[in-house]
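Here is a short briefing to read alongside the model. Take a moment to load the structure, and then we can walk through its inner spaces and a few of its elements.

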Amino acid sequence: MSLLSGHRVAVLGGMAERPLARFLASLGAEIGGEVQGASFVIDDLGFEATRDLGIPATAIHVSVTPFGSGGPRSDWQGGELVASAMGGSLRVTGEPGRPPVKEAGDACTFHADMAAAAGAMAAHYARGMHGQGQHVDVSIQQVAFSRGASGTLVWQFDRRKLGRVGGKLAYGKVTVRAIWRLADGWCFHALMTGRLGAPANQALSDWMDETLVDNPLRGVDWLAYNRSTLPAETRAVWEEAIAAFFASKTKHEIATEGLRRGINACVVNEPADVLADPHLAARGFFDTPDGLPQRFAAVREGAPAEKRPSPAVERPGPLSGVRVLDFAWALVGSITTKTLGDLGADVVKIESRTRPDLARLDVQVAASRHGEFDDKPWFAHLNSSKRSVTLDLKNPAAWQVLRPLIEWADVVVENFSPGTMAKLGLGYDDLKAINPGVVMVSGSVFGQTGPLTQEWGVDGTGGALSGRTYLTGYAGGDPVIPGAVPYGDVIVPFVMAGCAAAALQARRQTGRGGHIDASMYEICVQQMRPYLERARAGERPQRSGNADPAVHFQDVFPCAGEDRWIAISVFDEAQMKRLIEHTGRDIAAWTAARNDQAAAAELQSLGFAAGVVQDCEDMIEHDPQLAGRGALVTLDHPLLGPFGHIATPIRFSRDVPRPYRAPRMGEHAREVAGTVCGLDDETIDRLDDEGVFK
């Protein structure tokens, strides 16, 4: 399904090989040609550098730059390492006590390009309403900052800072080991909380019983296990035993017997392993002329349906009037619908008190309590601009609410395990029988088809299987988690939102809806595309710390103070010579004698790409560029009071969005049942008595 067939993209600067260009091409757009007559114009130069190029008023003009267009630092020099440093992701990647290390590849730039793709498609939809183009502006720094919701909230509420944890994952006040050495490599595995993790945790314990004489996991009540409250001394004993167990297993055993047993461990793949993956082969992911991935999501076209009239403008933003039915939970689905809602869509979130969203349960800050659904700032960050309706989907009477909502919706979003929605009578075929033109968007780790489709996974699964984890770390050392904050979980939503907006605009012309299948694994592999190309050529890429083969020289250097660092990138020999003339040959000695902010400003004034490796305090309290871009938007929460929420990091010159606070559990059940579903008060009361609104 070519959602952008007939549209041409003019490319300025170095955007031709960037992920944004590939995304637009994957939807059927033609890449190249003159600015005049282009439907889209994309650049990495910024608005000021391109404003006099005669870009048509009807074109969607997208700029993706290190610091964004406008603001006190918009002219600062940057690149992947510097934007990563200034956006906070670099600081939390690497081993404690060692210099921070960048994630494999251009991770922050890829993330920003996917945010830009969502912004471009939202503006494309808006153009279908009013006929006008606009400028869409994305800052790589701001996008990197937006990824760190957990770090932001623990600073805002507890004045704590997340640090580097190497091969572990940080969950609020606790860290959980996730990378384990095997006999011939590494695997990713973490014990997960509650009903979702219990079967896999038990499967691991059972396998350990067959290997270890003393298994401290034996007899644990996994339904009662909580990663946030397990005593540290108990976790240390458990992790020592798990390490001994994994050290006795091979990559092949984890990929076969571990998969059969359902232990939720996966191999940390090298690029060559990715190219040979049977699941990707079954999905035809590499069935392309050059054997490298092209698609970002699979799109199944729906049958012709009666065209729906364009809705009246209801909220500010490019997606004003779009109606979204949200079955999402945790991060991928929630950020997708947050993006749609923040950009103007009317989002109705379906929840359940019997199976609440994980973000309503995880206690990460002192202001939150166990057993309270409405006091979690993490949920508030992830669920702005939505209304909440609680429904017991297993109660047949719930269909008196569900069916009108399905008829109402333009878009349905879900990120359950593939097949779950169909079991509830809510699969794509079920939905289109009720609403033929509906656009369904499904996000999952492995996609809706293929041999691994029913396997369970998390953000770290995509990182491990795609090669991201293997290639993150210092040469000669173990791999580290590529970012102590989620990556796949925050990239996939922009692909989902972008495809949804493109599908809605295509539906205006064709009347056809469709089903969008977004796989975290595949999208993470897209980010690894340069390494896959090298592997196809016979190379074996390895971890290389902060070095980048495309950059002449770059690294992270110490500054005055505890754990203070500066990132510097040099792009050619002449620039390297100038840097050494200024700092002396021992660059680290020069930086170590200076305040990091002062050193960065001094180097930037001389034209060098340099930036402080910022923490949350630096970014939230002291960064004028992030403040000027509104990276945090203050919303008044009913239990937590007013605080800064992560803004969707896309700026629009014409259709400026205005988000609102996240809902309390079931806050809008009666309102939606009445105004959207057309039920009278007597019927709503009866359904409430029957337990429908649980």
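By class, how many nonpolar, polar and charged residues does the lining of the largest cavity have? The counts are 7 nonpolar, 7 polar and 3 charged. Please keep in mind that this is a predicted model. The cavities come first below, followed by a helix and a pair of strands.

**The largest cavity**

- Searching the whole structure turns up 3 cavities of 30 Å³ or more, and the largest has a volume of about 160 Å³.
- The lining of this largest cavity is made of 17 residues, and those closest to its centre are Gly88, Val92, Gly148, Cys616 and Met619.
- Three helices each give two or more residues to that lining: H5 (140–146), H6 (149–158) and H24 (616–622).

**The second largest cavity**

- About 50 Å³ of space is found in the second largest cavity.
- Its lining includes the charged residues Arg360, Asp374, Asp375, Lys376 and Arg664.
- Also lining the second largest cavity are Phe373, Phe379, Ala380, His637, Ala662 and Pro663.
- By class, this second lining divides into 5 nonpolar, 1 polar and 5 charged residues.

**Helix H27 and its surroundings**

- Which residues of helix H27 (681–689) are buried? They are Thr683, Ile684 and Leu687.
- These three cover an arc of only 100° around the axis, so they sit on the same side of H27.
- Asp681, Glu682 and Asp689, on the other side of H27, are exposed.
- The cover over the buried residues of H27 includes two other helices, H14 (399–408) and H26 (669–675).
- Just after H27 comes Gly691, with a positive phi of about 80°.

**Strands S6 and S7**

- In a regular strand, side chains alternate between the two faces of the sheet.
- Strand S6 (residues 168–171) has such an alternation: Leu169 and Tyr171 point to one face and are buried.
- Lys168 and Ala170 point to the other face of S6 and are not buried.
- How many bridges join S6 to strand S7 (residues 174–177)? There are 4, and the two strands run antiparallel.
- Across this pairing, Ala170 of S6 stands opposite Thr175 in S7.

How values were computed: Residues numbered from 1 in each chain as written. Predicted model: local features only at pLDDT ≥ 70, side-chain atom pairs only at ≥ 80, totals over all residues. Heavy atoms only, no water. Buried < 20%, exposed > 50% of the residue type's maximum accessible area, 1.4 Å probe, protein only. Arc of directions from axis to C-beta. Contact = heavy atoms within 4.5 Å. 1 Å grid on protein atoms, 1.4 Å probe; cavity = no way out; pocket = protein on both sides within 12 Å on 5 of 7 lines; lining within 4 Å. Points joined across faces, edges and corners; volume = space filled by probe spheres on them. Pairing = 2+ DSSP bridges.
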